Amino acid sequence: MPQYVAAIDSGTTSTRCMLFDHAGSVVASDQREHEQIFPRSGWVEHNPAEIWQRTEQVIRATLDKAGVSAAEIAAIGITNQRETTILWDRHTGEPVHNALVWQDTRTDRICKELETAGHGETFYRKAGLPLATYFSGPKIRWMLDNVPGLQARAAAGDLLFGTVDSWLIWHLTGGPATGVHVTDPTNASRTMLMDLETLDWDDELLGILQIPRSLLPEIRPSSDPRFYGMTRRDGPFGGEIPVCGDLGDQQAATVGQNCFAPGEAKNTYGTGCFMLLNTGEEIVHSRNGLLTTVCYQFGESRPVYALEGSIAMAGATIQWLRDNLQLISHAAESETIAQSVEDAGGCYLVPAFSGLYAPYWRSDARGVLVGLTRYINRAHIVRAALESICYQTREVLEAMNADSGVPLKALKVDGGATANNFLMQLQADILGTEVIRPRVAETTSLGAAYAAGLAVGYWENLESLRANWQVDRRWQSRIDKSRRESDFAGWKKAVARTLDWVEP
């Protein structure tokens, strides 16, 4: 009898494979980075072929570490960086261009033209999204416009579109010969092309962007008892296993954190920072700069929706300190350096490197480092970088409180950066709210495993998942309210300095 569930987590900077047992514990894992490609300012790309290569490598390495065969794996779940856009030839499997990453801003002109033409309200009403460079639809349009011959090939039905989940599932289930072209509602809801109510591609939205329906994958439940397909014997798993779970990374973390009741929320600290609030079966349109998105759909059940606050730069800010400024040699060093000073010395770093996401949605913003004096040193700047993650999270949380009408009393956190205990204390201080880290911090992979395991009956129901969730550590605020508000007022002044930097 199969003893494990596998999850493939293809994120913005790396891909990992993890094996989980019935208690939700990690049995084995492997992780490998892929190249970040920056052709010009504001452009961010990945090589889809490299992502698939890394996926094959981490699968084989994980099975080898665990000494596990395909026969011992009950199901496979996929979770992925959302919005990142891939077009490939359905006959050969060759990508027609590098993937356009969610952080990429080259579609700014397309979005502005759509806004000027009066389409903003239509996209917001049907897709729950603002017209922003973040999402997949304009990225598809850019490729069709700018890569020679693509429009004709798309019209002829020779091309396929997918976010990274679709790309991986297609390869896992056989590629050009037998590959299944599917996605789930959580990923589809980030394209600007899906109607939130029908969970289907919308002809009006496709027409506005002039995108052929033949490009698009079939939308299937996030946890699908009918299975999307089976892995191939000659593939990296070495046998036939149901692929039946698919969740965008932030929704996967929400499932991994067991936020199954309306009003429950989590925040994931990865490349970006993403807070989701479960709103149940009700579609709630934000009045405060948040996104309306699908949280998950399990089997034939009605979809569950969420409000989301998306922050572009979190862990990526620390990566910038390491790779661009060379202020630190590795990410973990930021914790020690930041603790060497009592505060940031009055300086603020606002990492609006690709504009500001929630709650501002300002593509004209660019990063600033303000409040500098000769007193400021390396440690102050490193601390300001960590604080920027926490201040951005507070802005999103305040928007979420305003939309929901129910202030959150505690925030569940996950993702790689939560290993930084000092960052988590800063977060509690800046929020004035309890911060709770679960025992399994990599809840994104766990959520994908849960979706797949539910589909095959490996886990019976949501209650069996709740039984697995355990607290690792809690943080309470250690600063008084007056200091908290004064520091936050300084942050708001710093944000104001980022705006209107890029001229139309």
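Two strands count as paired when DSSP finds at least two bridges between them. With that in hand, here's a quick tour of this predicted model. We'll start with E23, where arginine 474 is the bridge partner of isoleucine 436. From there we'll look at two open sheets, one of seven strands and one of six, and then at a pair of helices, a covered helix and the nonpolar cores.

**The seven-strand sheet**

- Reading across this open sheet, the strands come in the order E17-E18-E16-E15-E21-E22-E23, and their pairing is mixed.
- At the edges you'll find strand E17 (291–296) and strand E23 (471–475), each of which pairs on one side only.
- Going from one strand to the next, the twist averages 30°.
- Strand E22 (residues 434–438) and E23 are the pair we started with: they're antiparallel, with four bridges.
- On to strand E21 (residues 410–414), which is mostly covered, with four of its five residues buried.
- E21 runs parallel to strand E15 (residues 265–269), and three bridges join them; here lysine 266 sits opposite lysine 412 in E21.
- E21 also runs parallel to E22, again with three bridges, and alanine 410 faces glutamate 434 in E22.

**The six-strand sheet**

- This one is open too, has mixed pairing, and follows the order E3-E2-E1-E5-E14-E13.
- Strand E3 (26–33) and strand E13 (229–230) are the edges; each has a single partner strand, so one side of each has no neighbour in the sheet.
- E13 pairs with strand E14 (residues 242–248) in the antiparallel sense, over two bridges.
- Look for glycine 229 there: its bridge partner is valine 243 in E14.
- Helix H6 (residues 164–172) packs on this sheet and touches strand E1 (4–10), strand E5 (73–80), E13 and E14. The direction of H6 makes about 145° with that of E5.
- H10 packs on the sheet as well, touching E5 and E14, and its direction makes about 100° with that of E14.

**Two packed helices**

- Helix H10 (residues 249–256) also packs against helix H15 (residues 443–456), with an angle of about 80° and axes 7 Å apart.
- Angles of 65 to 115 degrees count as roughly perpendicular, so that's how H10 and H15 stand to each other.
- On the H10 side, the contact is made by Asp249, Ala252, Ala253, Val255 and Gly256. These meet Thr443, Thr444, Leu446, Gly447, Ala448 and Tyr450 in H15.
- Sorted by type, the residues of this contact are six nonpolar, four polar and one charged.

**A covered helix**

- Helix H4 (residues 136–146) is mostly covered: nine of its 11 residues are buried, including Pro138, Ile140, Trp142 and Leu144.
- What covers the buried residues of H4? Among the elements doing so are strand E6 (86–89), strand E7 (99–100), helix H2 (108–116), helix H5 (150–155), strand E8 (159–162) and helix H9 (203–209).

**The nonpolar cores**

- The largest nonpolar core has 105 residues, and Tyr134 and Leu215 touch the most other members.
- Helix H13 (residues 378–404) gives the most to this core, with 13 residues.
- Another core, of 31 residues, lies apart from it; Leu160, Ile169, Leu172 and Val182 are among its members.
- Back to tyrosine 134: leaving out residues up to four places away in sequence, its contacts include Arg82, Trp102, Lys139, Phe274, Leu291 and Trp361.

Key. Residues numbered from 1 in each chain as written. Predicted model: local features only at pLDDT ≥ 70, side-chain atom pairs only at ≥ 80, totals over all residues. Heavy atoms only, no water. Axes fitted to C-alpha atoms, helices over the stretch in contact; angles between N-to-C directions. Core = buried A, V, L, I, M, F, W, Y, C linked by side-chain atoms within 4.5 Å. Buried < 20%, exposed > 50% of the residue type's maximum accessible area, 1.4 Å probe, protein only. Contact = heavy atoms within 4.5 Å. Parallel < 35°, antiparallel > 145°, perpendicular 65-115°, else oblique. Nonpolar A, V, L, I, M, F, W, Y, C, P; charged D, E, K, R; others polar.
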